[in-house]
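Visitor: I've got this model open and would like a quick walk through it. Can we start with how the chains meet?

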2 protein chains.
Amino acid sequence: MTDTTGGQLELLVLAAVDAGASHGYAVIEALRARSGGAFDLPEGTVYPALHRLEAKDLLASHWADGSGRRRRVYQLTSSGRRALREGRRDWRAFARAVASVVGAP
Amino acid sequence: MTDTTGGQLELLVLAAVDAGASHGYAVIEALRARSGGAFDLPEGTVYPALHRLEAKDLLASHWADGSGRRRRVYQLTSSGRRALREGRRDWRAFARAVASVVGAP
DNA sequence: CTTGACACCTAGCCTGCCTAGGCCTAGGAT
DNA sequence: ATCCTAGGCCTAGGCAGGCTAGGTGTCAAG
């Protein structure tokens, strides 16, 4: 309903994968944990984001069929690492811009 | 095209009005100036936002017909001031959450 | 043998920013 | 006289994308 990620979803997912979350479910848990509960994203948000990122060649994936539970394991591509760096930069610029409008108090 | 306000548009507009931007065009200029050019919002973004905020009773307006050029002059309502305070709080929580996921470097 | 955690997927709703137009006045330039 | 630019306002509709709500299946515990 209310967009909790504020347009930063793909950056968040890239950062989670970069931080070691190798598959979709782990990304969801990592985002919840690392944000202190602020980002408790439904699967219907995260899985399509992973697919979009793969379509953009920022993530690569393969099936890991380790005995029973199948997982799609993701890793950053080189474009993905670059996009993450740029995303961090853009995020900081954006946050500064909002702060300068909204004020310090 | 690319959503430059990241879901923070109404907070930004409230903050601009609070900072003295009394009418729509002034809000646009204030956001551009105070953000160092980061928020260069089209009229088609800002005017509907002002209307939404007024519909929610966060802003009140009246026509100022000062010789020729007509302007719709806005001011924060008490609900608007409260919403601005809450919006600042929520923004800071959100920014912290993103930062904690995305990391410092 | 049912519950719940783990794990994946997607059609379509809905919100809301933006594009792309429209309208009008004032003042300077041509 | 006429055009252009800046100021000032407005809205229909495109479209992106987060989320709802449903689906599939495995595994361990009670």
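Guide: Sure. The contact takes 25 residues from chain B and 25 residues from chain A, where two residues are in contact if their C-beta atoms, placed from the backbone, lie within 7 Å. This is a predicted model, in which local features need pLDDT of at least 70 and side-chain atom pairs count only at pLDDT 80 or more, while totals for chains, interfaces and linings use all residues. Residues are numbered from 1 along each chain as its sequence is written, and chains are lettered from A and ligands numbered from 1 in the order in which they are written.

Visitor: Which element of chain B gives the most to the side that touches chain A?

Guide: That's helix 4 of chain B, with 10 residues. Helix 1 and helix 2 (24-34) of chain B also give two or more residues each. Helices here are DSSP runs of H or I with at least four residues, strands are E runs of at least two, and both are numbered from the N terminus.

Visitor: And what's that side made of, by class?

Guide: On chain B there are 15 nonpolar, seven polar and three charged residues. Ala, Val, Leu, Ile, Met, Phe, Trp, Tyr, Cys and Pro count as nonpolar, Asp, Glu, Lys and Arg as charged, and the others, Gly among them, as polar.

Visitor: What rotation superposes chain B on chain A?

Guide: One of 180°, with 0.0 Å of shift along its axis and an RMSD of 0.0 Å. That is the relation of a two-fold axis. The fit is by least squares on the C-alpha atoms of residues with pLDDT of at least 70 in both copies. The same surface serves both copies, as 100% of the contact residues of chain B recur in chain A.

Visitor: Which residue of chain B comes closest to the axis?

Guide: Gly6(B), with its C-alpha at 2.4 Å.

Visitor: OK, switching to the fold. What's in chain A?

Guide: Four helices and two strands, running α-α-α-β-β-α from the N terminus on. The C-alpha trace of chain A spans about 55 × 30 × 20 Å along its principal axes.

Visitor: How do helix 1 and helix 2 of chain A cross?

Guide: Helix 1 (residues 9-18) and helix 2 (residues 24-34) of chain A cross at roughly 100°, and their axes come within 9 Å. Those axes are lines fitted to C-alpha atoms, for helices over the stretch in contact, with angles running from 0 to 180 degrees between N-to-C directions. That makes helix 1 of chain A roughly perpendicular to helix 2 of chain A; angles under 35 degrees count as roughly parallel, over 145 as roughly antiparallel, 65 to 115 as roughly perpendicular and the rest as oblique.

Visitor: Which residues make that contact?

Guide: Leu12(A), Val13(A), Ala16(A) and Val17(A) from helix 1 of chain A, with Val27(A), Ala30(A) and Leu31(A) from helix 2 of chain A. By class, that's seven nonpolar, no polar and no charged.

Visitor: Last topic, the DNA. Which residues come nearest to strand D?

Guide: Gly44(A), Gly68(A), His23(B), Gly24(B) and Gly44(B), out of 28 residues around DNA strand D. A residue is near a strand if its C-beta atom, placed from the backbone, lies within 6 Å of it.

Visitor: How do the residues of that surface divide by class?

Guide: Into 10 nonpolar, 11 polar and seven charged for the surface near DNA strand D.
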